[in-house]
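Welcome! Open the model in your viewer and follow along, one selection at a time.

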Amino acid sequence: MRDITVFSGSAHPELAAEICSHLGTPLHPVRIKRFANDCLEVQLQANCRERDVFLIQPLVPPVQENLVELLLMLDAARGASAARTTVVMPHFSYARSDKKDAPRISIGARLVADILATAGADRVLTMTLHSPQVHGFFSVPVDHLHALRELAAHFRRYDLSNTVVVSPDLGNAKEAAAFARLLGTEVAMGAKQRFSDDRVTIGSVIGDVAGKDVIVLDDEIAKGTTVIELLERLRERGVRSVRIACTHGVFAAGALDRLGEQPDVEEIVCTNTVPLPDLKPDTKLHVLSIAPVLAEAMRRIHDGESVSALFDAS
């Protein structure tokens, strides 16, 4: 793959290196310099002229710092006469800002999508957006992957004869239903109402969960507030066991410890779309790699093949 050139920002270099290992292509260095006035300067340290350039950078904390790095890498690639520049953004954290649900509120997902295109993105490759409509905020083509196959492969190791997949809210119900089909299980969901970033209530659980082994599926776990509230409702309904699964394990503000301390939680499963903290020896967390599917999607984009065909057998 001589005419593909891959760079990574500082957000998640381990994932970028793993992707390049699967592609069989080098991960080229990026020099990031900070001026005395705190401004950043980026230099891509490999030839980009008429190359198919891929920039790997999830938007993870510090989100604003990593976003500016990505914008500067896009500008550098465009200035270096790249033939096409694809942003590989495994986690688009601004996707949570996707609607006008209060007066005079910003819609960050749309704004950041516009900024990426203005900076020089010709294409975006991302995974498990917070809501499907965010795909439409971009004015450039978007390949929207999911990690349901990887998660399903993990859970198929267990006896699923008494299992139900539970979505914490109606917004994630379609993804939970697709996941339940992959596992051959029933699906249920919570009726959630959000009052603030860290205050939610789940009034009821729709579906039969009594005496069941439950897999709670969410797209992202940040503070874990929603999942912990859901666990209370599931206990009230007498579930037998709980496992938790998500694509983006942000685990902010001690969320992983709080979830791990729940006595009925047997396992927490996430992917490596975001960098994870150093784990304790007795952690309940199991991390799955999505590097192979991202690498295959990048290969297909480069070769002009269908990316959606990756999921035809799902």
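Let's begin inside. This is a predicted model, and it holds 1 cavity of 30 Å³ or more. The volume of the largest cavity is about 30 Å³.

To see what surrounds the largest cavity, select His91, Phe92, Ala95, Thr128, Leu129, His130, Asp219, Glu220 and His248, which line it. Try colouring this lining by class: you will find 4 polar, 3 nonpolar and 2 charged residues.

Next, select residues 5-120. The UniProt record, an unreviewed entry, annotates this span as "domain: Ribose-phosphate pyrophosphokinase N-terminal". Helix makes up 34% of residues 5-120 and strand 23%. Now pick the C-alpha atoms at the two ends of the span: they lie 16 Å apart.

Our last stop is a pair of helices. Show helix α2 (residues 63-79) together with helix α3 (residues 108-119). How do the two run relative to each other, roughly parallel or roughly antiparallel? Their axes cross at roughly 25° and come within 8 Å. Angles under 35 degrees count as roughly parallel, so α2 and α3 are roughly parallel to each other.

Turn on the side chains where these helices touch. On α2, the contact is made by Leu67, Leu70, Leu71, Leu74, Asp75 and Arg78. Facing them in the contact from α3 are Val112, Ile115, Leu116, Thr118 and Ala119. Sorted by class, the residues of this contact of α2 with α3 comprise 8 nonpolar, 1 polar and 2 charged.

How values were computed:
Residues numbered from 1 in each chain as written. Predicted model: local features only at pLDDT ≥ 70, side-chain atom pairs only at ≥ 80, totals over all residues. Heavy atoms only, no water. 1 Å grid on protein atoms, 1.4 Å probe; cavity = no way out; pocket = protein on both sides within 12 Å on 5 of 7 lines; lining within 4 Å. Points joined across faces, edges and corners; volume = space filled by probe spheres on them. Nonpolar A, V, L, I, M, F, W, Y, C, P; charged D, E, K, R; others polar. Axes fitted to C-alpha atoms, helices over the stretch in contact; angles between N-to-C directions. Helix = DSSP H or I, 4+ residues; strand = E, 2+ residues; numbered from the N terminus. Parallel < 35°, antiparallel > 145°, perpendicular 65-115°, else oblique. Contact = heavy atoms within 4.5 Å. UniProt positions renumbered as here; feature names shortened; annotations may be inferred.
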